[in-house]
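Student: I am new to this structure and should like to study one part of it closely. Would you please take me through the surroundings of the ligand, and then through the parts of the protein that connect with them?

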Amino acid sequence: MRIGVTGAAGFIGSHVCERLLARGHEVVGIDAFTRFYGRELKEANVAALRSAPGFELVELNVLDETGLAPALIGLDAVCHLAGRPGVRRGTTEVYAAGNVQTTAAVLGAAHSAGVRRVLLASSSSVYGRTDGRVPEHAPLRPLSEYGRSKRAAERLARVEAAALGIELVVLRYFTVYGPRQRPDMAFARFVDAALGGEPMRLLGDGRQVRDFTYVGDAAEATALALESGRDGATFNVAGGAPATLAEAFSLLAHELGRTPELERLPADGRDPRSTGADLTRARVELGWEPVTALPDGLALQAAHAAAAVG
Ligand code: NAD
């Protein structure tokens, strides 16, 4: 297949591009190198991809729907990962533009370009407060503006895709980690603080539970969903073995051989206490299984970060 990936220079996007190329697809990566975090990190994310056979990078803001459409001509599918992630660093308007308007623009441009299939990256944040392992049909009660914007993007995508005759697959990623993790995310901040000898600010008591997902597993699920995900389906994508933040930090500290001082702050009400995914649908329909255990994935993230600082 020839597949467009929006957000190709981002954390998950760069891994998805690599995985698609490894599976024999051609990839057109699209990214605006937004200033949410440093351009140098995104340049590093795509450094190897730039010279990879079958890969092409287009620097473009997907909100420019008329500019985007020509870049999508000839594609079999678009994987829409570009967005405004993170629950803490944006206003309602910023999240709406980053997650809802980009989704409308990608679907509109896909239609103009004759692309028949779109995958939308959503988030576990759409669920809000849950207990145990949540299935995809659970009610969506997001706690944050970010989660509400992802829910709105899903809803808009369903309506627009049906109206435009585009096949749609939605993935809900649960806290993704691994090499090149976004610098605002907890493990990346822990590693940066440990390697830099700085304290790390920690929200909450560390006992919050997350169904941490290794980025290689997330990329594999994304590739399978692009290739064979059922039109209209939504899939949870998670690591399958929820753990506390404190447990993960202790594994990371072991890998790094040091631990940063933790500056404890009150929990943020926009973060659920616990996330956990029912993965039955992805297992049955996509034949996908998360294969990277947390200690192994964290070892890869720590080694990558240590190598980057030299
Ligand atoms: P990221 O910030 O590393 O990557 C997003 C990329 O999209 C960036 O390179 C950015 O420059 C690009 N981008 C943003 N807006 C754009 C626009 N208008 N036009 C073109 N490019 C634009 O984030 P990530 O962690 O890789 O997340 C990727 C997607 O997955 C996002 O939609 C995010 O909401 C979703 N998600 C991520 C996680 C996670 O744990 N990282 C969990 C759930 C969902």
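Tutor: Let us begin with the ligand's polar partners. In this predicted model, an oxygen atom of the ligand lies 2.6 Å from a polar side-chain atom of tyrosine 37. A nitrogen atom of the ligand has a partner as well: an N or O atom in the side chain of asparagine 61 is 2.8 Å from it. The side chain of arginine 182 also takes part, with an N or O atom 2.8 Å from an oxygen atom of the ligand. As for how much of the ligand is covered, the ligand taken alone exposes 820 Å², and the protein buries 96% of that.

Which elements give two or more residues to the shell around the ligand? They are helix α1, residues 11-22, strand β5, residues 117-123, and helix α5, residues 145-164. The largest share comes from β5, which gives 3 residues. The ligand has 29 residues around it, and those that come nearest are Asp31, Tyr37, Asn61, Tyr146 and Val176. Two of these names, Tyr37 and Asn61, are already familiar from the polar partners described above. By character, the shell comprises 16 nonpolar residues, 9 polar residues and 4 charged residues.

Helix α1 deserves a closer look, and glycine 13 is one of its residues. Is glycine 13 buried or exposed? Glycine 13 has a relative accessible area of 2%, and because the limit for a buried residue is under 20%, glycine 13 counts as buried. The C-alpha atoms of glycine 13 and glutamate 160 are 23 Å apart in space, and the two residues are separated by 147 residues in sequence.

Elsewhere on α1, the surroundings are of another kind. The side chain of arginine 19 forms a salt bridge with that of glutamate 220, with N and O 2.8 Å apart. Arginine 19 belongs to α1 and glutamate 220 to helix α7, residues 215-228, so this pair ties together parts that are 201 residues apart in sequence. Arginine 19 is partly exposed, at a relative accessible area of 27%. Glutamate 220 is likewise partly exposed, with 22% relative accessibility.

A second salt bridge joins the side chains of arginine 23 and glutamate 227, again with a distance of 2.8 Å from N to O. Here the arginine is placed in the loop between α1 and β2, residues 26-31, while glutamate 227 is in helix α7, so the contact ties together parts that are 204 residues apart in sequence. Arginine 23 is partly exposed, with a relative accessible area of 33%, and glutamate 227 is partly exposed at 30%. Arginine 23 may also be compared with the start of the chain: methionine 1 is 22 residues away from arginine 23 in sequence and 9.7 Å away in space, C-alpha to C-alpha.

How are Arg19, Arg23, Glu220 and Glu227 linked? These four residues are joined in a network of salt bridges. The whole structure contains 21 salt bridges. Another of them is formed by glutamate 289 and arginine 283, whose closest N and O atoms are 2.9 Å apart. Both of these residues are partly exposed, glutamate 289 with a relative accessible area of 39% and arginine 283 with 36%.

The loop that holds arginine 23 lies between α1 and β2, and β2 leads us to the strands. Strands β1 and β2 pair in the parallel sense over 5 bridges. Within that pairing, arginine 2 has glutamate 26 of β2 as its bridge partner. Why is strand β1, residues 2-6, described as largely enclosed by the rest of the structure? The reason is that 4 of its 5 residues are buried.

Finally, consider a contact that reaches the chain through another helix. Asparagine 99 is placed in helix α4, residues 92-113. Its relative accessibility is 2%, and asparagine 99 therefore counts as buried. The side chain of asparagine 99 makes a polar contact, at 2.9 Å, with the side chain of serine 149.

To draw the picture together: the protein buries 96% of the area that the ligand exposes when taken alone. Helix α1 gives two or more residues to the ligand's shell, and arginine 19 of that same helix is tied to glutamate 220 in α7.

Conventions:
Residues numbered from 1 in each chain as written. Predicted model: local features only at pLDDT ≥ 70, side-chain atom pairs only at ≥ 80, totals over all residues. Heavy atoms only, no water. Near = heavy atom within 4 Å. Polar contact = N/O pair within 3.5 Å; in protein donor to acceptor, adjacent residues only side chain to side chain. Areas by Shrake-Rupley, 256 points an atom, 1.4 Å probe, with all protein chains shown as cover. Nonpolar A, V, L, I, M, F, W, Y, C, P; charged D, E, K, R; others polar. Buried < 20%, exposed > 50% of the residue type's maximum accessible area, 1.4 Å probe, protein only. Pairing = 2+ DSSP bridges.
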